[in-house]
Amino acid sequence: MCRHLGYLGPDVSVGELIGWGENSLLRQSWAPRDMRHGGTINADGFGVGWWGQDAFSRYRSQQPLWSDPVLRETLPQIRSGAVVAATRSATVGMPVQATACAPFTDRTWAFSHNGLVKGWPETLGPLAEQLPVTDLLQLEAPTDSAALWLLLQRALAEQGPEKALTTLVRAVDAAAPKSRLNFLLGDGRELWATTWDHSLSVLVDDDRAIVMSEPFDDDPGWQSVPDRHIVYARPGHLIITPLEMGA
Ligand code: GLN
C-alpha cells in the first residue's frame, strides 16, 4: 500500500519533512515497516503538495521518491506549514504515471488514498453513474484513487469534509466490500483521514498535527488510529471517531 503524510505546523523545509526521522516518508518508499496485503516497496511515483502564502502548489513524478533530483535540488528550498505528500505502490493492473500519484487536488483540497477498491472498475460503476460525463472525461488516470477523488469532489461540493469522507467510505464499502480505504484530505488548515483496513498514526501537540501511514520516528506522542475510524487534526486538536457511528 502506498504511504501518505499530512503536516500542519510551523513552516518547515518541504524536502526535509520528507526525510524526517529514521522511518521517514523517504525511507518508507523503499523500506516501509508496516506493509500489509502483499506490497513490498512504494516505488511507483510520488507527489508532494504544499500551501504557500496564498496558493497551493504540487509536484508529482512517476519516478521513485529516492531517485528524483527534485528531492535534493528543489524541495529543500521550499518552506511551508501545510503539506500533503504520498509515495505510491501501484495496485496490480493500474498504470505507473505521474497523474496517478497523490495528492489529487482542485487547489482547495488535497487528497490521498492508501488502499484499493476491490473489483475496480466494475464495482465503482454504480457510484460513478451519478457523475456527469464531463467529470469522467477528465479523470486524471485510470485508477481507483483518481475515480475516488472525482466522487469525493462531488461530495465536498455538497457537504463538509467529515460527512463527505464518511459517506464515500460507506458507499464504496457497500459497492465493493473488502476495499481498503485509508483516505487523507487537507485544505492547508485542517486534516481529515480515515482508516479502513490499513495503518495510520497521528502526532498532535499544541504546535503541530501530523498524520502518517506509519510514524516517522519513535516519539512516544504518536498514536495508532484504530481501524474504521475518522480523524480530524490540526495543531492542538485531535478527534478520532468510529466511522461506523460517525456523522
Ligand atoms: N490503488 C491505488 C493506486 O494504484 C493506491 C495504491 C496503494 O495504496 N498502494 O494508485
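The exercises below, each with a worked solution, deal with a predicted model.

**Exercise 1. The ligand and its polar contacts**

Find which residues come nearest to the ligand, and state which of them place a polar backbone atom 2.7 Å from a ligand nitrogen or oxygen atom.

Solution.
- Step 1. The ligand has 12 residues around it, and C2, R88, S89, T91 and G115 come nearest.
- Step 2. Start with the nitrogen atoms of the ligand. A polar backbone atom of C2 is 2.7 Å from a ligand nitrogen. A polar backbone atom of S89 is also 2.7 Å from a nitrogen atom of the ligand.
- Step 3. Turn to oxygen. Here the partner is G115, with a polar backbone atom 2.7 Å from an oxygen atom of the ligand.
- Step 4. Compare these distances with the cut-off: a polar contact needs N or O atoms within 3.5 Å. The pairs at C2, S89 and G115 therefore qualify as polar contacts.

**Exercise 2. The surroundings of the ligand**

Determine how much of the ligand the protein buries, where the ligand sits, and which elements give two or more residues to the shell around it.

Solution.
- Step 1. Return to the contact at G115, where a backbone atom is 2.7 Å from a ligand oxygen. The ligand taken alone exposes 300 Å², of which the protein buries 99%.
- Step 2. Locate the site: the ligand sits in the largest cavity.
- Step 3. Assign the shell to elements. Two or more residues come from β6 (110-116) and from α6 (144-158). The largest share belongs to β6, with 3 residues.
- Step 4. Sort the shell by class: 4 residues are nonpolar, 6 are polar and 2 are charged.

**Exercise 3. The sheet of 7 strands**

Give the strand order of the open sheet of 7 strands, name its edge strands, and describe the pairing of β9 with β10 and of β2 with β3.

Solution.
- Step 1. The order is β3-β2-β4-β1-β10-β9-β11, and the pairing is antiparallel.
- Step 2. The edges are β3 (56-61) and β11 (223-224), each of which pairs on one side only.
- Step 3. Take β9 (residues 201-204) and β10 (residues 209-212): 4 bridges pair them in the antiparallel sense. Within this pair, V202 stands opposite V211 of β10.
- Step 4. Take β2 (residues 46-51), which runs antiparallel to β3 and is joined to it by 6 bridges. The bridge partner of V48 is Y59 in β3.
- Step 5. Check the connection: β2 and β3 form a hairpin, with 4 residues between them.

**Exercise 4. The sheet of 6 strands**

Give the order of the open sheet of 6 strands, name its edge strands, and describe how β5 is joined to β6.

Solution.
- Step 1. The strands follow the order β5-β6-β7-β8-β12-β13 with antiparallel pairing.
- Step 2. Pairing on one side only marks β5 (104-105) and β13 (237-242) as the edge strands.
- Step 3. Between β5 and β6, which run antiparallel, there are 2 bridges. T105 stands opposite A110 in β6.
- Step 4. Link this sheet to the ligand: β6 gives 3 residues to the shell, the largest share.

**Exercise 5. Backbone angles in the loops**

Locate the cis peptide bonds that precede P103 and P121, and place R107, a residue with positive phi.

Solution.
- Step 1. The bond from A102 to P103 is cis, its omega being near 5 degrees. P103 lies in the loop between β4 (79-87) and β5.
- Step 2. The bond from W120 to P121 is cis as well, with omega near 5 degrees. P121 belongs to the loop between β6 and α4 (125-128).
- Step 3. R107 is not a glycine, yet its phi is positive, at about 80 degrees. The loop between β5 and β6 contains R107.

Note on methods
Residues numbered from 1 in each chain as written. Predicted model: local features only at pLDDT ≥ 70, side-chain atom pairs only at ≥ 80, totals over all residues. Heavy atoms only, no water. Near = heavy atom within 4 Å. Polar contact = N/O pair within 3.5 Å; in protein donor to acceptor, adjacent residues only side chain to side chain. Areas by Shrake-Rupley, 256 points an atom, 1.4 Å probe, with all protein chains shown as cover. 1 Å grid on protein atoms, 1.4 Å probe; cavity = no way out; pocket = protein on both sides within 12 Å on 5 of 7 lines; lining within 4 Å. Sits in = over half its atoms within 2 Å of the grid points. Nonpolar A, V, L, I, M, F, W, Y, C, P; charged D, E, K, R; others polar. Pairing = 2+ DSSP bridges.
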